[in-house]
Amino acid sequence: METASPLRRLFATILDGILFFLTLIIGYIIWWLIVLGRGQTSGKQLLGIYAIRRDGGRAGWGTMFVREVVKAVAHSFVIGFFADAILLLMDDEDHRSLSDRVAGTIIMR
């Protein structure tokens with residue numbers, strides 16, 4: 001047996017950090033996919049809010065996936081983020097964002 005070199009120990013520490021973050025990310029994605037089918041995101045689940053379709057039906061996985069993709073694309077552009085904020089603040093009784101309007105959803109408590 002021989003002792004591990006400092007360089008090998010450094011690489012082991014780096015790999016531990018990478019694996020830690022990867023498992024957190026994978027865990028978050030799994031959680032996100034599970035709650036998406038309930039009309040929620042992880043944050044919505046923690047706050048006790050959920051999305052329904054505008055017609056009152058359940059917002060399933062497909063509707064929520066479309067909503068989240070639209071939100072991700074819109075928020076990737078600065079102007080989309082501000083447009084979304086303006087839509088939320090408008091005098092609309094449902095306070096629907098751009099992603100809600102595209103997906104046809106309303107967020108309920």
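What follows is a short tutorial chat about aromatic pairs and salt bridges in this structure.

Me: Before we start, what kind of model is this, and how are residues numbered?

Reply: It's a predicted model, where local features need pLDDT of at least 70, side-chain atom pairs count only at pLDDT 80 or more, and totals for chains, interfaces and linings use all residues. Residues are numbered from 1 along each chain as its sequence is written, and side-chain values use heavy atoms, with hydrogens and water left out.

Me: How do I read an aromatic pair, and how many aromatic pairs are there?

Reply: In general, you describe two aromatic rings by the distance of their centres and the angle of their planes. Here, rings of Phe, Tyr and Trp (its six-membered ring) pair if their centres lie within 6.5 Å; planes under 30 degrees apart are stacked, over 60 edge-to-face, and the rest tilted. That rule gives four aromatic pairs. One of them is Phe20 with Phe21, edge-to-face at 5.4 Å centre to centre and 75 degrees between the planes.

Me: Are Phe20 and Phe21 buried or exposed?

Reply: The cut-offs go by relative accessible area: buried is under 20%, exposed is over 50%, and partly exposed is in between (1.4 Å probe, protein chains only). Phe20 is partly exposed at 47%, while Phe21 is exposed at 51%.

Me: What about the rings of Tyr28 and Trp31?

Reply: Their centres are 6.1 Å apart and their planes sit at 80 degrees, so that pair is edge-to-face. Tyr28 and Trp31 are three residues apart in helix α1 (residues 6–36), which puts about one helical turn between them. Helices here are DSSP runs (H or I, at least four residues), numbered from the N terminus. Tyr28 is partly exposed at 42%, and so is Trp31 at 32%.

Me: Which residues form an aromatic cluster?

Reply: Trp32, Trp61 and Phe65 make up one cluster.

Me: On to salt bridges: how many does the structure hold?

Reply: The idea is a side-chain nitrogen of Lys or Arg within 4 Å of a carboxyl oxygen of Asp or Glu. The structure has four. Among them is Asp55 with Arg53, closest N and O atoms 3.2 Å apart; Asp55 is exposed at 59% and Arg53 partly exposed at 33%.

Me: Which residues does Glu68 bridge to?

Reply: Glu68 pairs with Arg67, with the closest N and O atoms 2.9 Å apart. Glu68 is buried at 11%, as is Arg67 at 4%. Glu68 also bridges to Lys71 at 3.2 Å, about one helical turn along helix α3 (residues 61–76). Lys71 is partly exposed at 22%. Shared partners join Arg67, Glu68, Lys71 and Asp100 into one salt-bridge network.

Key:
Helices (H or I, at least four residues) and strands (E, at least two) are DSSP runs, numbered from the N terminus.
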